[in-house]
Amino acid sequence: MGNARGIASAFLVVTIVLLPLILSVSAEGFVRVALKKRPLDEISRTAARLVNDEAEPLKARGIGLSGVGDGSEEDIVRLKNYMNAQYYGEIGIGSPPQKFTVVFDTGSSNLWVPSAKCYFSVACLFHSKYKSGKSSTYKKNGQSAAIQYGTGAIAGFLSQDHLTVGDLLVKDQVFIEATREPGVTFLVAKFDGILGLGFKEISVDKVVPVWYNMVDQGLIKDPVFSFWLNRNSKDGEGGELVFGGSDPKHYKGEHTYVPVTLKGYWQFNIGDVLVGGKKTGFCAGGCAAIADSGTSLIAGPTTIITEINQKIGAAGVVSQECKSVVAQYGQQILDLLLAEAQPTTICSQIGLCAFDGTHSVSIGIESVVKDNGATSSLGRSDAMCTACEMSVVWMQNQLKENKTQELILNYVNQLCERLPSPMGESAVDCGAISSMPGVSFTIAGKTFDLTAEQYILKVGEGAAAQCISGFTALDVAPPRGPLWILGDVFMGVYHTEFDYGNLRVGFAKAA
C-alpha cells in the first residue's frame, strides 16, 4: 500500500517524465506556481496496492490507518501516502538553482529532496538530486533527520541553502537532504520531494518551514496562500498555487471561513455529513477535518465511508475482479482441475496470467516490461491474475473435500465478497453516475455539496474506463480523531484559501 510485481511496476512508472513547469510573479503582487496535473492511471493504482503491502509490518506496530498510539502531532504525516498525488510544481535550491519537482503539501511542514549522497536507495537513481558542491550559497548543517510515513521513513541530514519559488528567493532555508528513500513509494513517485505548507508545530526537528521564512523575510504582502486545482481532465492546465492571497479569477462569490482549531495541520471543525440530502448523524456533534493538498481523495471514518459507498453502489475493486473471474472462468478452472491439469499453469492456460516456467505472472506487467508503450491494462490484468490464482487454490481445497461443483462455485463467490480492497479503493458502475446521490459537508454552518460527477474519479477512456469512488476509509483514534481529510477531490471543487494571518481556512466555489 508480491515484490516481483512491485519492482516491475516501479521501474516502468519512473520512465514517465514531467514537463517543465512555469512559475511567475503577477502584477497584483501574487507569487504564482503553475501546477502540473497527472491523471490517475492503472500503473499508479497497482503500485499503490503494492505500497499497501509494504505498510503491513508498520501497521502491526501501530503505524498506519489507525495512527500511532502516542497521539503525537506527527500522526497524520505518518498516515500519508503520496502514491496517487496528482498535482506538482517546481522549485529551485541553491545558487544557481537546481530544479526539483515537489508536492506542495499542506499536510506536512518540512522540505526534503533527494541528496547526491543517496547511494544505496534505488529511488534516488530516478530523481533529481541536490548537489551541495555546486551551490555557492550552501551552508553545512549535518544534523540527522527522518520523517516517518505509513510506508516507511525517508532519512538523511539537514542542510541550508537558498530556495527559489517563482520569482521569490527564500534565503537560508533549512531542508532535508534525503539519503534513504525505501520501498516502492518514492521509487514510482512522479515527484522528487515534498514542500510542506503546514504549521511549524509538526515540523520534524523544529525546522522553520518554508512558508514561515517567506513571511518573516517580508517576501509576501499578505500572509495568505491559496490553491486552485483544475479538475477538468481535458484541460492541460493543472492548476495554480498562489502565495500572497487569492486570485478572484479562481473562484466564484465569497469564501466561507472557518477558524483553525489546532495548529499543526490546517485543522478545523465540521458539522454533519449528508448523503442524498439526508443527515447521517455521524458528525452531528462535530468532527475534526483538515484541508490537505497532499491527499488525492477524501478520507473519513469507516462507518460513514461505508455508508456512502453503499449508497453509491461501490464495490471493493479486488472483490469485484474476483467475482468477475469466478463468473467468467470458474467452470473452466474447475474443469481443468478435474482433468488434473497442473494448478500452477491453469491461469496462464485460460489467458489471465503468463507462465514464466515456475509460476503464473500478470500478463499486464509482462507486456509493459516488454513494451513501454503498453496500454493501461496493468492494474486490471494484475488483479484478475491474482483472483484466478486464489480461485485455483480455493477450488483445489474444496475438491479435496468432495464438494459438488455448484457448492464450490458458491463458496468461492462468498470468499470473493470477503476480500478487503487495497487502499480502501472502491469501484462504481460508470453508467450509474447520474443516479448517484450527492454528498455534502457542513462547514461553518454552510453545506458544501459534491455531485457524483465531482466525487467519482475516472481511470482510462472508452470501454476500458473504470470509475473509482473518491471516498476512502481512514480511522484515526481519539484524541486526534475521528478525522476527515479533505483532499484534492474536495479542493478541486472548492477553491481553498489558507489564511495564516487570521488562522482560518476559506472555501469558495472554484471557477
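This is a walk through the cores, aromatic pairs, sheet and salt bridges of one predicted model.

Start with the nonpolar interior. The largest nonpolar core holds 72 residues. Within this core, Phe243, Phe441 and Trp484 have the most contacts. Helix 5 is the element that gives the most to the core, with four residues. Another core lies apart from it and has 28 residues. Ile333, Trp394, Leu409 and Leu415 are among the members of that second core.

Aromatic rings come next. The whole structure contains 25 aromatic pairs. One of them joins Phe199 and Trp266, with 4.4 Å from centre to centre and 40 degrees between the planes. The pair counts as tilted. Phe199 sits in the loop between strand 9 (193-196) and helix 5 (210-216), while Trp266 belongs to strand 14 (residues 266-270), so the contact ties together parts that are 67 residues apart in sequence. Both Phe199 and Trp266 are buried.

A second pair has another geometry. The ring centres of Phe448 and Phe507 lie 6.0 Å apart. Their planes meet at 70 degrees, over the 60 that marks the class, so this pair is edge-to-face. Phe448 is in strand 24 (residues 446-450) and Phe507 in strand 30 (residues 504-510), so this pair ties together parts 59 residues apart in sequence. Phe448 and Phe507 are both buried.

Phe199 and Trp266 also belong to one aromatic cluster, together with Trp211, Tyr212, Phe225, Phe227, Phe243, Phe498 and Tyr500. Phe243 therefore appears twice: in this cluster, and among the residues with the most contacts inside the largest core. A charged residue meets a ring elsewhere. Arg504 lies over the face of Tyr257, at 3.6 Å from the ring centre.

Now the sheet. Four strands form an open sheet in the order 19-22-26-25, with antiparallel pairing. Strand 19 (315-316) and strand 25 (456-459) are the edges, and each pairs on one side only. Strand 25 runs antiparallel to strand 26 (residues 466-469), and four bridges join the two. Ile456 stands opposite Ser469. Val459 has Gln466 as its bridge partner. The two strands, 25 and 26, make a hairpin with six residues between them. Gly460, in the turn, has a positive phi of about 90 degrees.

Salt bridges are next. The whole structure has six of them. Asp172 bridges to Lys139, with the closest N and O atoms 3.5 Å apart. This links distant parts of the chain: Asp172 is in strand 8 (residues 168-180) and Lys139 in strand 6 (residues 139-149), 33 residues apart. Asp172 is partly exposed at 30% relative accessibility, and Lys139 is partly exposed at 41%.

Glu201 and Lys263 meet in another salt bridge, at 3.8 Å from N to O. Glu201 lies in the loop between strand 9 and helix 5, and Lys263 in strand 13 (residues 262-263), 62 residues away. That loop also carries Phe199. Glu201 has a relative accessible area of 35%, and Lys263 has 34%. Glu401 and Lys403 form a bridge too, at 3.5 Å between the closest N and O atoms. Arg32, Glu240 and Asp247 are joined into one network by salt bridges that share partners.

Finish at a loop. Ser108 is found between strand 4 (98-105) and strand 5 (111-114). At 6% relative accessible area, under the 20% limit, Ser108 is therefore buried. The Ser108 side chain makes a polar contact with the Asp105 side chain, at 2.7 Å.

How values were computed: Residues are numbered from 1 along each chain as its sequence is written. This is a predicted model: local features need pLDDT of at least 70, side-chain atom pairs count only at pLDDT 80 or more; totals for chains, interfaces and linings use all residues. Side-chain values use heavy atoms; hydrogens and water are left out. Buried means under 20% relative accessible area, exposed over 50%, partly exposed in between (1.4 Å probe, protein chains only). A polar contact is a pair of N or O atoms within 3.5 Å; within protein, one must be able to donate a hydrogen and the other to accept it, and residues adjacent in sequence count only if both atoms are side-chain atoms. Two strands pair if DSSP finds at least two bridges between them. Rings of Phe, Tyr and Trp (its six-membered ring) pair if their centres lie within 6.5 Å; planes under 30 degrees apart count as stacked, over 60 as edge-to-face and the rest as tilted. A charge sits over a ring if NZ of Lys or CZ of Arg is within 6 Å of the ring centre and within 35 degrees of the ring normal. A nonpolar core is a set of buried Ala, Val, Leu, Ile, Met, Phe, Trp, Tyr and Cys residues joined through side-chain atoms within 4.5 Å. A salt bridge is a side-chain nitrogen of Lys or Arg within 4 Å of a carboxyl oxygen of Asp or Glu.
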